[in-house]
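Trainee: Could you take a close look at one part of this protein for me? I would like to follow its charged side chains, and then see what surrounds them.

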Amino acid sequence: MFRVKTFTIPSLFSRRFLSFKTLETPNPNALKFVSPECQILPIPSKTFEFTSTLQAIHSPLALKLFKLPGVRSVMLGEDFLTVNKQDHINWAQLRPEVVDLLDVFLTSKKDPVVTKELIEESEKEIESSEDDLEVVAMIKELIETRIRPAIQDDGGDIEFKGFDEETGNVFLKLQGACKSCSSSEDTLKNGIEQMMKHYIDGVQEVIQILDPEEEIALKEFDRLEQKIKQKSQDSPPPSL
């Protein structure tokens, strides 16, 4: 059950107000931000995830969010946005900063949420899928109709990355709140994998993969988290 908190922040650029609902996800380090008053992405049922400022060069909104201390990744959807934070950051501090930034950015309309180049690249991917094998088309249809809606409700998303005909392995990429959630492996094996094996002949296993830059970013974040925890443990307690 989601617990919903609503914030109303006045924009610095206009007298409009945007109300944002923040929805808790199964991942305590991820929150889903929803505003019923505006559309975030112009592409239906599409999401874009950014795990570093380098990836976010095609999203002025994501770039601004990465400037907030503690933001680990950003995922943009048609009518929602999911922010993943670092472990040592408190949502009580970060959540109002995210809401304030969203209100200012979306009401000012000075910059696009994502660039035209990224939208065009996404459209090319849709066109190239017309030549998919029958089993791949079935996998994608199952993702779109049964799997993605449930995952997006939890502030995440899933991306099909490939299918190996010889082994029957399906390669998927979890995004947003689901990627770093403690129950992500259970979601893959006991949820997605079982559903695909039931409905699609030839599927043997579902495997989660990460992009190379994501693996590097996750290792760097883990190193930073360990350094912060070690420093906290080594620091002497404050004297009375």
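Mentor: Start in helix H4, which covers residues 134–153. Arg 148 and Glu 144 both sit there, 4 residues apart, so about one helical turn separates them. Keep in mind that this is a predicted model.

Now look at the side chains. Arg 148 forms a salt bridge with Glu 144. The closest N and O atoms are 2.1 Å apart. Arg 148 also meets Asp 157 in a salt bridge, with an N to O distance of 2.7 Å. Put the two together and you get a network of salt bridges linking Glu 144, Arg 148 and Asp 157.

Next, ask how much of each partner is accessible. Arg 148 has 11% relative accessibility, so it counts as buried. The cut-off for buried is under 20%. Asp 157 has just 1%, so Asp 157 is buried too. Glu 144 stands at 41%, and therefore counts as partly exposed. So the network joins two buried residues, Arg 148 and Asp 157, to a partly exposed one, Glu 144.

How many salt bridges does the whole structure hold? A full search finds 3. You have met the pair that share Arg 148, one to Glu 144 and one to Asp 157. There is also a bridge between Lys 161 and Glu 159, at 3.6 Å from N to O. Lys 161 is partly exposed, because its relative accessible area is 35%. Glu 159 has 24%, so Glu 159 is partly exposed as well.

Move along the chain to Asn 169. This residue belongs to strand E8, residues 169–176. Its relative accessibility is 14%, so Asn 169 counts as buried. Its side chain makes a polar contact of 3.1 Å with the side chain of Thr 167. Leave out residues up to four places away in sequence, and Asn 169 touches Gly 162, Phe 163, Asp 164, Glu 205 and Ile 207.

Charges can meet rings too. Lys 32 lies over the face of Phe 80, 4.7 Å from the ring centre. What about rings paired with rings? The count of aromatic pairs is 0.

Check one backbone angle as well. Lys 109 is not a glycine, yet its phi is positive, at about 55°. Find Lys 109 in the loop between helix H2 (91–108) and helix H3 (116–128). Lys 109 has 63% relative accessibility, so it counts as exposed.

Last, ask how far to trust the picture. The protein chain averages a pLDDT of 81, and 77% of the residues score at least 70. Confidence is highest in helix H1 (residues 60–66), with a mean of 96. Confidence is lowest in strand E1 (residues 4–10), with a mean of 50. Over residues 7–16 the pLDDT falls below 50. That stretch still has 28 contacts in the model, beyond near neighbours in sequence. Where pLDDT is low, the predicted coordinates should not be read in detail.

Methods
Residues numbered from 1 in each chain as written. Predicted model: local features only at pLDDT ≥ 70, side-chain atom pairs only at ≥ 80, totals over all residues. Heavy atoms only, no water. Helix = DSSP H or I, 4+ residues; strand = E, 2+ residues; numbered from the N terminus. Buried < 20%, exposed > 50% of the residue type's maximum accessible area, 1.4 Å probe, protein only. Polar contact = N/O pair within 3.5 Å; in protein donor to acceptor, adjacent residues only side chain to side chain. Contact = heavy atoms within 4.5 Å. Salt bridge = Lys/Arg side-chain N within 4 Å of Asp/Glu carboxyl O. Phe/Tyr/Trp six-rings, centres within 6.5 Å; stacked < 30°, edge-to-face > 60°. Lys NZ or Arg CZ within 6 Å of the ring centre and 35° of its normal. pLDDT = per-residue confidence, 0-100.
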